[in-house]
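Me: I would like to go through this model in short questions. Please reason briefly and finish each reply on the name or value I ask for.

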Amino acid sequence: MIEGRSIESIKGVGPALAKKFAQLGIKTVQDLIDYYPRRYDDYSDVVSIGLMQPGAVTIAATIESAKGRYVRRGLHITEATASDGTGKVKLTWFNQPYRAAALKSGQQYFISGVFDVHAGRPSIMNPSVELEQAFPVNTARIVPIYRETKGLTSLQIRKALREIIPEIRLVPEQLPADIVKHYSLMPYAAALEQLHFPASSESLADARRRLSFQEVFELILASLLNKYEI
């Protein structure tokens, strides 16, 4: 049973990590399922460095080097070099001093950000990075990003959710079957899974439609019940 199960019952979530989850209001498995992403990074359209054009880009590249420095009081810059065989590009972060230590030289990353020319040099500014090997196979490179807290990242939240996918698939339907059929809605359990692990942009849109429909349906139903009681 999901209801009432502590977040610590999930494999990989110990007491220390459970305290971090609690800071986000996540104390049970049900709380985690109901903790929806705040946005998504779409890694599905990957281009080579040699073919990048100004604007939003995603590349698959190896980090060659990374270093950080303070250029003046209150301003820290981290710079890294990424390459993929077709070229190299500079990555730049502002006031993220942890970046240099977090990036692993020689490792393959998915890197997503805005590519432009800064100070006369092509660069991707403040990109998000994910180790290629860290991607769950069923995300299709559309990655949910959650509201985080110190010591708890979106990657850790996704790992915890991945452990309970079998249970998410067993979440009971919340709407009458005829309503689901009439409006061609995605089943509730499937919508929850696709919200956290979208297989495609289309399935994510269907999941959002289903959950939005349910929210409106519940509000209308509550209003009608209240009217009836009055």
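Me: Is asparagine 95 buried, partly exposed or exposed, and which label fits its relative accessibility?
Reply: The model is a predicted one. Asparagine 95 sits in the loop between β4 and α3 (99-102). Its relative accessibility is 45%. Buried needs under 20% and exposed over 50%, so asparagine 95 counts as partly exposed.

Me: What is the phi of asparagine 95?
Reply: Most residues other than glycine have a negative phi. Asparagine 95 is not a glycine, yet its phi is positive. The value is about 55°.

Me: Where is asparagine 126, and what is its phi?
Reply: Asparagine 126 belongs to strand β6 (residues 121-131). With a relative accessible area of 39%, asparagine 126 is partly exposed. Its phi is positive, in a residue other than glycine. The value is near 45°.

Me: Which side chain makes a polar contact with that of threonine 92?
Reply: Threonine 92 lies in strand β4 (residues 88-94). Its relative accessible area is 4%, so threonine 92 is buried. Residues it touches include Ile77, Thr78, Asn126 and Pro127. The polar contact spans 3.1 Å and its partner is serine 123.

Me: Which residue offers its backbone nitrogen to the side chain of histidine 76, at 3.4 Å from a polar atom?
Reply: Histidine 76 is in strand β3 (residues 75-83). At 6% relative accessibility, histidine 76 is buried. Among the residues it touches are Gly68, Tyr70, Trp93 and Asn95. The backbone nitrogen at 3.4 Å belongs to arginine 69.

Me: How many aromatic pairs are there?
Reply: A pair of aromatic rings is described by the distance of the centres and the angle of the planes. Ring centres must lie within 6.5 Å to pair. By this rule the count is three.

Me: Is the pair of tyrosine 35 and tyrosine 146 stacked, tilted or edge-to-face?
Reply: The ring centres of tyrosine 35 and tyrosine 146 are 6.1 Å apart. Their planes meet at 15°. Planes under 30 degrees apart count as stacked, so the pair of tyrosine 35 and tyrosine 146 is stacked.

Me: How many residues apart in the chain are tyrosine 35 and tyrosine 146?
Reply: Tyrosine 35 is in the loop between α2 (29-33) and β1 (39-42). Tyrosine 146 is in the loop between β7 (142-145) and α4 (154-163). The pair links distant parts of the chain, and the separation is 111 residues.

Me: Are tyrosine 35 and tyrosine 146 buried or exposed?
Reply: Tyrosine 35 has a relative accessible area of 10%. For tyrosine 146 the value is 0%. The cut-off for buried is under 20%, so tyrosine 35 and tyrosine 146 are buried.

Me: What is the angle between the planes of tyrosine 183 and phenylalanine 213?
Reply: Tyrosine 183 lies in the loop between α6 (177-182) and α7 (188-196), and phenylalanine 213 in helix α8. The pair therefore ties together parts 30 residues apart in sequence. Its centres are 4.9 Å apart. The pair is tilted, at 45°.

Me: Which residue joins Tyr183 and Phe213 in a cluster?
Reply: Tyrosine 183 is partly exposed at 38% relative accessibility. Phenylalanine 213 is partly exposed too, at 22%. Ring pairs link them into a cluster with Phe217.

Me: How many of the nine residues of α7 are buried?
Reply: Buried residues of α7 include Tyr188, Ala191, Leu192 and Leu195. Their cover includes α2, β1, β7, α4, α5 (165-168) and α8. The helix is mostly covered, and the buried count is eight.

Me: How far apart in space are arginine 208 and methionine 186?
Reply: Arginine 208 is in helix α8 and is partly exposed at 42%. Arginine 208 touches Tyr40 and Leu195, not counting residues up to four places away in sequence. Methionine 186 is 22 residues away in sequence. The C-alpha to C-alpha distance is 9.5 Å.

Me: What accessible area do Val216, Ile220 and Leu224 have together?
Reply: Leucine 224 is placed in helix α8 (residues 201-229). An α-helix has 3.6 residues a turn, so residues three or four places apart point the same way. Val216, Ile220 and Leu224 form a nonpolar surface patch. Together their accessible area is about 280 Å².

How values were computed:
Residues numbered from 1 in each chain as written. Predicted model: local features only at pLDDT ≥ 70, side-chain atom pairs only at ≥ 80, totals over all residues. Heavy atoms only, no water. Patch = residues over 30% accessible without salt bridge, like charges linked within 9 Å, V, L, I, M, F, W, Y side chains within 5 Å. Areas by Shrake-Rupley, 256 points an atom, 1.4 Å probe, with all protein chains shown as cover. Salt bridge = Lys/Arg side-chain N within 4 Å of Asp/Glu carboxyl O. Helix = DSSP H or I, 4+ residues; strand = E, 2+ residues; numbered from the N terminus. Buried < 20%, exposed > 50% of the residue type's maximum accessible area, 1.4 Å probe, protein only. Polar contact = N/O pair within 3.5 Å; in protein donor to acceptor, adjacent residues only side chain to side chain. Contact = heavy atoms within 4.5 Å. Phe/Tyr/Trp six-rings, centres within 6.5 Å; stacked < 30°, edge-to-face > 60°.
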